[in-house]
Amino acid sequence: MDEIVFSKNTVEFVTVGVEYCSFIERASSSTRAAFTDTAVKILPLLYLKAVLLDPEENELTGLPEKFVTEEIYEYVRGAVERLLGEGDTYLETFHDDMEFSEEPVAASVSEDLADIYQNIKDFVSVYSLGNPETMREALTECRQNFVSYWGQKLVNALGALHRLRFSSVQEDASEEEESLSPESSQDNW
């Protein structure tokens with residue numbers, strides 16, 4: 001029964017999960033460009049490692065211990081929101097209310113990333129305690145939450161971050177090309 005908590009797929013998921021949490025916790029000391037560049041790399045990896053988790057169907061006998069408080073959640077969410085600025089909001093196309101709504105439904109990258117962080121941080125914190133029974137319960141809960149909740153949030157946030165990451169590169173490239181073009185060079189003479 002303990003094989004699942006020490007399987008290759010679980011250990012790799014834990015490794016990427018720890019990296020994700022560390023990345024999110026450092027958001028306040030990052031630049032927007034560096035943050036989006038790293039985010040578009042780590043989020044697909046986290047998704048892949050979650051999909052590869054062994055689908056063990058356990059009944060949760062109890063809820064695993066929670067480590068992310070409301071204050072920690074708000075700190076993480078707020079740091080990402082401040083970093084992304086107006087790029088934090090995007091239109092949500094997979095929201096249940098979209099089918100019946102005449103108005104677009106807005107979502108927040110910072111809230112999505114904080115929700116993912118909360119699930120992953122709680123899991124890796126329980127995992128680090130080393131008790132196979134609680135590790136298994138935390139793994140089961142994290143995988144169930146991935147399937148029903150944070151997996152879709154990850155994909156949605158990744159789309160918004162992709163747009164931010166590559167639109168800023170295109171804008172920077174356009175500005176650089178303009179400053180190097182012959183017409184703009186003549187204006188500088």
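Begin by selecting G85: this glycine follows α3 and has a positive phi, near 60 degrees. Helices (H or I, at least four residues) and strands (E, at least two) are DSSP runs, numbered from the N terminus.

The structure is a predicted model, in which local features need pLDDT of at least 70 and side-chain atom pairs count only at pLDDT 80 or more, while totals for chains, interfaces and linings use all residues. Residues are numbered from 1 along each chain as its sequence is written, and side-chain values use heavy atoms, with hydrogens and water left out.

**The whole chain**

Display the protein as a cartoon; it contains 6 helices and 2 strands. Their order along the sequence is α-α-α-β-β-α-α-α. Of its 189 residues, 41% count as buried. Here buried means under 20% relative accessible area, exposed means over 50%, and partly exposed lies in between (1.4 Å probe, protein chains only).

**Helix α3**

Step back from G85 and select α3 (70-84). This helix has 15 residues and reaches 21 Å from its first C-alpha to its last, close to the 21 Å expected at 1.5 Å a residue. The expected span is 1.5 Å times one less than the number of residues in the helix. Colour Y73, V76, R77, G78, A79, V80, L83 and L84 to see the buried residues of α3.

Next, show the side chains of E74 and R77, which meet in a salt bridge (2.9 Å, N to O). A salt bridge is a side-chain nitrogen of Lys or Arg within 4 Å of a carboxyl oxygen of Asp or Glu. The two residues are 3 apart in helix α3, and therefore separated by about one helical turn. E74 is partly exposed, with a relative accessible area of 36%, whereas R77 is buried at 17%. Then select K8, E12 and K49, which are joined into one network by salt bridges that share partners.

**Helix α2**

Move to α2 (32-51). The end C-alpha atoms of α2 are 28 Å apart, in agreement with the 28 Å that its 20 residues should span at 1.5 Å a residue. Centre the view on A39, where α2 bends by about 25 degrees; the bend at a residue is the angle between axes fitted to the seven residues ending there and the seven starting there. A39 is also one of the buried residues of α2, which further include F35, T36, V40, I42, L43, L46, K49 and A50.

Select T36 in helix α2. T36 counts as buried because its relative accessibility is 2%. Add L158 to the selection: the C-alpha atoms of T36 and L158 are separated by 9.4 Å, although the residues are 122 apart along the chain.

Now show K41 and D37, which form a salt bridge with their closest N and O atoms 3.0 Å apart. These residues are 4 apart in helix α2, so about one helical turn separates them. K41 counts as exposed at 52% relative accessibility, while D37 is partly exposed at 22%.

**From α1 to α4**

Side chains of opposite charge can pair when their charged atoms come close. Select E25 and K121, whose side chains meet in a salt bridge (3.0 Å, N to O). This pair links distant parts of the chain, with E25 in helix α1 (residues 8-25) and K121 in helix α4 (residues 109-129), 96 residues apart. Both ends are partly exposed: E25 has a relative accessible area of 33%, and K121 has 24% relative accessibility. The protein's salt bridges come to a count of 10.

**The segment before α1**

Continue to S7, in the segment before α1. S7 counts as buried because its relative accessibility is 14%. The side chain of S7 makes a polar contact with the side chain of D54 (3.2 Å). A polar contact is a pair of N or O atoms within 3.5 Å; within protein, one must be able to donate a hydrogen and the other to accept it, and residues adjacent in sequence count only if both atoms are side-chain atoms. Select L53 as well: its C-alpha lies 9.0 Å from that of S7, and the two residues are 46 apart along the chain.

**A nonpolar surface patch**

Finish with L45, L48 and L52, which form a nonpolar patch on the surface with about 230 Å² of accessible area together. Patches are made of residues with over 30% relative accessible area and no salt bridge, with like charges joined within 9 Å and nonpolar side chains (Val, Leu, Ile, Met, Phe, Trp, Tyr) within 5 Å. Accessible areas come from the Shrake-Rupley method with a 1.4 Å probe; for residues, only the protein chains shown count as cover. L52 sits in the loop between α2 and α3 and counts as partly exposed at 37% relative accessibility.
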